[in-house]
Amino acid sequence: MATARYWLIKSEPSVYAYAKLEEDGRTEWTGVRSFEARNNIRAMTPGDLCLYYHSNEDKAVVGVARVLSKPGPDPTAPGEDWASVDVGPVVAFTTPVTLATIKATPALKDFPLITRSRLSVTPTPAEHFELVLKMGKTKLPKTPASKPKAKPRARP
């Protein structure tokens, strides 16, 4: 069995907050219009874990999501060469980890949120993923999250 990889995904909370992902149970991660981020989506596999970052407004990592589907075409761009995956909630952070805190942490000087700040989907080293979880006073559930709702909902 392949080892899960880790990612950082970004969404503005006014567009699609982590709480909305928890409410919906799953969503299609669509609307990415950067070739590098698209290629990162294409590298995702079901079971991979994602740090969920609220960009622009909160500027904090607020939860963990799980990739639920293999990459496929982005339904918001028919006939174009963009990609999407389905993601579902795993756990909300007990304490959000702000961008300022991340920047002030020497062990995260190479964290993709800092080094690739404009990119909406980036691979994340396991040690960074684990450190951000610890900083957020959050542990992954010991059992897999409950079965996600069957019908994915597209993000606005």
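**Strand β1 and aspartate 48**

Biologist: How many of the 6 residues of strand β1 (residues 6-11) are buried?

Modeller: Strand β1, a DSSP run of E of at least two residues, with strands and helices (H or I, at least four residues) numbered from the N terminus, is largely enclosed by the rest of the structure, because its buried residues number 6 of the 6. Buried here means under 20% relative accessible area, against over 50% for exposed and partly exposed in between, with a 1.4 Å probe and protein chains only. The model is predicted, so local features need pLDDT of at least 70 and side-chain atom pairs pLDDT 80 or more, while totals for chains, interfaces and linings use all residues. Residues are numbered from 1 along each chain as its sequence is written, and side-chain values use heavy atoms, without hydrogens and water. The count asked for is 6.

Biologist: Which residue in β3 is the bridge partner of tyrosine 6?

Modeller: Strands β1 and β3 (residues 49-54) run parallel and are joined by 6 bridges, where pairing requires that DSSP finds at least two bridges. For tyrosine 6, the bridge partner in β3 is leucine 49.

Biologist: Is aspartate 48 buried or exposed?

Modeller: Aspartate 48 sits in the loop between α3 (35-43) and β3, and its side chain reaches the backbone nitrogen of threonine 45 at 2.9 Å. A polar atom of that aspartate 48 side chain also lies 2.9 Å from the backbone nitrogen of arginine 5. With a relative accessible area of 1%, aspartate 48 is buried.

How values were computed. A polar contact is a pair of N or O atoms within 3.5 Å; within protein, one must be able to donate a hydrogen and the other to accept it, and residues adjacent in sequence count only if both atoms are side-chain atoms.
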